[in-house]
Amino acid sequence: FRDENAESLREHAARALGRARERSTALTGAVDDEDLVRQHSKLMSPLVWDLAHIGSQEELWLVRDVGGREPLRPDIDDLYDAFQHPRADRPALPLLGPAEARRYVGEVRAKAFEVLEKAPLTGRRLTEAGFAFGMITQHEQQHDETMLATHQLRQGEPVLHAPAAPGRRTGPLPAEVLVPGGPFLMGTSVEPWALDNERPAHEVDVEAFFLDTTPVTNGQYAEFFDSGGYDQRQWWSDAGWEYRTTHDITAPRFWYRQQDGWWRRRFGVHERVPAEQPVVHVSFHEAEAYAAWAGKRLPTEREWEKAARFDPATGRSRRYPWGDEDPGPEHANLGQAHLSPAAVGAYPAGASPLGVHQLIGDVWEWTSSDFSGYPGFAAFPYREYSEVFFGPEYKVLRGGSFGTDTAAVRGTFRNWDYPIRRQIFSGFRCARDARGV
Ligand code: AVJ
Ligand code: FE
């Protein structure tokens, strides 16, 4: 992929698009048609909406804008415009049925491949290095992760299957790592498929800080619960306490208490909560309360990225904690290879030079930062991708989850959501100041 040769760029884009479509097909093929049109939660779209929306965006951004082709279905643009219809209202729309939606996405994909064969892939930023194809791949993979979250909310027997996530492959790890102070290069101007909000690269100064070696585990989180953390006002922000009390938030989403301890429902399987896996399905507010209880805080986004990318030997920012190499199965728990986070210590080959583990994969990590544009930000190709979300309502999450594809995460990648959300695959790790150390 780093090879600039147009044929290899084309092949890379075609493979990435193909992999995304296999995943969309599997996620929508795992349930019957009735299940596809049903709304499993007010927070989510019916799966059949996500599927046709994937096709609709591909038609708008790739087939029409980049390819200059005639519209296939201009009559349905509005139905699949996420800004026109909130998720809760989507089941009532005159949506394409499952068979029509499948036919539609197939027709759009055939046109997209025609465009791919002819696109110059150099020169204009939309086609350069196959950016538009990269953007469409990432968009589909992001909706695949959203569909995976819908599967998690769905009631009923398990329909998705994957090998169990690996266990620990290290001895005991130190609780924290000291990240040295000083400037580093945040964001990127060169990563070919980086989205507008990751750009441009810019130098930021970060004071020395301690970062947890691994994400906070279920076992650690249960101690917060056991010590009464959910009932103790002092650990919670005003907004967090308001949320905690009005929505009766008493444990991570999908956890329930049995006489012998905590259990959870995970893609239809009922199991004891595994103590060594990172906690998942917690809101920003719960993460923040845990950190306060632990005498720590959440990392800022720049701290997180410095820990993930800074190489102290060279002072350079790298693409991933382990270096510049694309993620392999030895580096990180990504791509729905497993249907849960892996135990802490399961990916020593993915650790950073400073010894921080599992920054990429397993769980999205809440940071304390609001979502905003970097200095010199330029919306591309549309304001609706990132810019309209900038502001204090959204918090940034980093690093990707077990449900994030390798094409849709890197050291610079930024996700965002409301601080109350926890149907996403969200966890966290803690930080603390090292001033005076
Ligand atoms: C980056 C995950 C917040 O799903 O709302 C999908 C990605 N943007 N379609 C989302 C996205 C447009 C976005 N997140
Ligand atoms: Fe979308």
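The following paragraphs describe the overall fold dimensions, the ligand site and some backbone features of a predicted model.

Residues are numbered from 1 along each chain as written, while chains are lettered from A and ligands numbered from 1 in the order of writing. Because the model is predicted, local features need pLDDT of at least 70 and side-chain atom pairs count only at pLDDT 80 or more, whereas totals for chains, interfaces and linings use all residues; side-chain values use heavy atoms, with hydrogens and water left out.

The chain contains 9 helices and 14 strands, these being DSSP runs numbered from the N terminus (helices: H or I, at least four residues; strands: E, at least two). Its C-alpha trace spans about 60 × 50 × 40 Å along the principal axes. The radius of gyration is 21 Å, which agrees with the value near 22 Å for a compact globule of 437 residues; the quantity is taken over C-alpha atoms, and the globule rule is 2.2 Å times the number of residues to the power 0.38.

Ligand 1 sits in the largest pocket. On a 1 Å grid over the protein atoms alone, a pocket is an open set of points with protein on both sides within 12 Å along at least five of seven lines, and a molecule sits in it if more than half of its atoms lie within 2 Å of its grid points. Elements that give two or more residues to the shell around ligand 1 are α5 (131-153) and β12 (415-417), and α5 gives the most, with 3 residues.

The surrounding residues are H139, Q142, H143, Y385, N415 and W416, each with a heavy atom within 4 Å of the ligand. By class, the shell has 2 nonpolar, 4 polar and no charged residues. Two histidines make polar contacts (N or O pairs within 3.5 Å): a side-chain N or O atom of H139 is 3.1 Å from a nitrogen atom of ligand 1, and a polar side-chain atom of H143 lies 3.2 Å from a ligand nitrogen. The protein covers 74% of the 350 Å² of accessible area that ligand 1 has on its own (Shrake-Rupley method, 1.4 Å probe).

The backbone also merits inspection. Most residues other than glycine have a negative phi, and most peptide bonds are trans. The bond from R199 to P200 is cis, with omega near -15 degrees, and P200 lies in the loop between β2 (182-186) and β3 (202-206). The bond from F380 to P381 is also cis, with omega near -10 degrees; P381 belongs to the loop between β10 (364-371) and β11 (391-398). D248, not a glycine, has a positive phi of about 50 degrees.

Methods:
Polar contact = N/O pair within 3.5 Å; in protein donor to acceptor, adjacent residues only side chain to side chain. 1 Å grid on protein atoms, 1.4 Å probe; cavity = no way out; pocket = protein on both sides within 12 Å on 5 of 7 lines; lining within 4 Å. Nonpolar A, V, L, I, M, F, W, Y, C, P; charged D, E, K, R; others polar.
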